[in-house]
Amino acid sequence: MDPATIFKIITNSTWIVTQLMSGQSVQFSQKNYVVQVSEAAAPGTILLLQAVSPDDEAAVLYKLASDSASPLFRVDAQSGALQLLGPLDFEYQTQHNLTVIATSKDGKIGSNEAHVTVEVLDANDHSPIFAVQRHEAQITEEDNHNLPRPVFT
Ligand SMILES: [Ca+2]
């Protein structure tokens, strides 16, 4: 066999393998997602992840990777909705990095993962502080001189 033919066979095999590999796993619409959420946000869906299986577009299940387990987040297995479960705290953590895994329901097709960066936005969540700690005024009950008059000046 001449070298050109051998080269052609190798190239074709590589191409076929590449095609099989890419065609046989669930594919996310993006490899990396970034979402910004205010620390004042109420619990609920903050992002919708989307992955398709080359076999059947509906047969994809989503889950958080075990190292991304957190009491603050969950991923809905069916819809791919990333949900916020509790309050975020910018002062405590400004960013959360999560890995979401998509698998095919029948398990015949390879799973895939996407990375989600949740950026926490600061909100003014401190209690208001009065410059003067106590506001006091004395009003004498029977004193009806110069009314009305200011109590605080
Ligand atoms: Ca804050």
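This passage describes the strands, sheets and core of a predicted model.

Residues are numbered from 1 along each chain as its sequence is written. The model is predicted: local features need pLDDT of at least 70, side-chain atom pairs count only at pLDDT 80 or more, and totals for chains, interfaces and linings use all residues.

The secondary structure of the chain comprises one helix and nine strands. Helices (H or I, at least four residues) and strands (E, at least two) are DSSP runs, numbered from the N terminus. The order from the N terminus is α-β-β-β-β-β-β-β-β-β. The chain has 153 residues, and 14% of them count as buried. A residue is buried if 20 or more other C-beta atoms lie within 10 Å of its own, exposed if 12 or fewer, and partly exposed in between; C-beta atoms are placed from the backbone. Contacts require C-beta atoms, placed from the backbone, within 7 Å. Among contacts between residues at least 6 apart in sequence, 66% join residues at least 24 apart.

One open sheet holds four strands in the order β2-β9-β8-β5, with mixed pairing. Two strands pair if DSSP finds at least two bridges between them. The edge strands are β2 (32–38) and β5 (60–64), and each pairs on one side only. Neighbouring strands of this sheet are turned by 25° against each other on average, direction ignored. Such angles run from 0 to 180 degrees between N-to-C directions, with axes as lines fitted to C-alpha atoms, for helices over the stretch in contact. Within the sheet, β8 (residues 95–104) and β9 (residues 112–121) pair in the antiparallel sense over eight bridges. Ile 101 stands opposite Glu 113 in β9.

Another open sheet has three strands in the order β3-β7-β6, with antiparallel pairing. β3 and β6 stand at its edges with a single partner strand each, so one side of each lacks a neighbour in the sheet. Here neighbouring strands are turned by 30° against each other on average, direction ignored. Four bridges join β3 (residues 44–48) to β7. Gly 44 stands opposite Leu 84 in β7, and Leu 48 has Ala 81 of β7 as its bridge partner. On the β6 side (residues 73–75), three bridges link the strand to β7. Phe 73 is bridged to Leu 84 in β7.

The side chains of β7 (residues 81–84) alternate. Leu 82 and Leu 84 point to one face and are buried, while Ala 81 and Gln 83 point to the other and are not.

β6 and β7 form a hairpin with five residues between them. Gly 80 lies in this loop and has a positive phi of about 80°. Gly 80 is buried, because 22 other C-beta atoms lie within 10 Å. Leu 48 is 32 residues away from Gly 80 in sequence, yet 5.8 Å away in space, C-alpha to C-alpha. Not counting residues up to four places away in sequence, Gly 80 touches Leu 48, Leu 49, Gln 50, Ala 51, Tyr 62 and Val 75.

The largest nonpolar core has 17 residues. Such a core is a set of buried Ala, Val, Leu, Ile, Met, Phe, Trp, Tyr and Cys residues joined through C-beta atoms within 7 Å. Leu 49, Ala 51, Tyr 62, Val 100, Ala 102 and Val 116 touch the most other members. Two or more residues each come from β5, β6, β7, β8 and β9. Leaving aside neighbours within four places in sequence, Leu 49 contacts Phe 28, Tyr 33, Tyr 62, Gly 80, Leu 82, Val 100 and Ala 114.

Key: Two residues are in contact if their C-beta atoms, placed from the backbone, lie within 7 Å.
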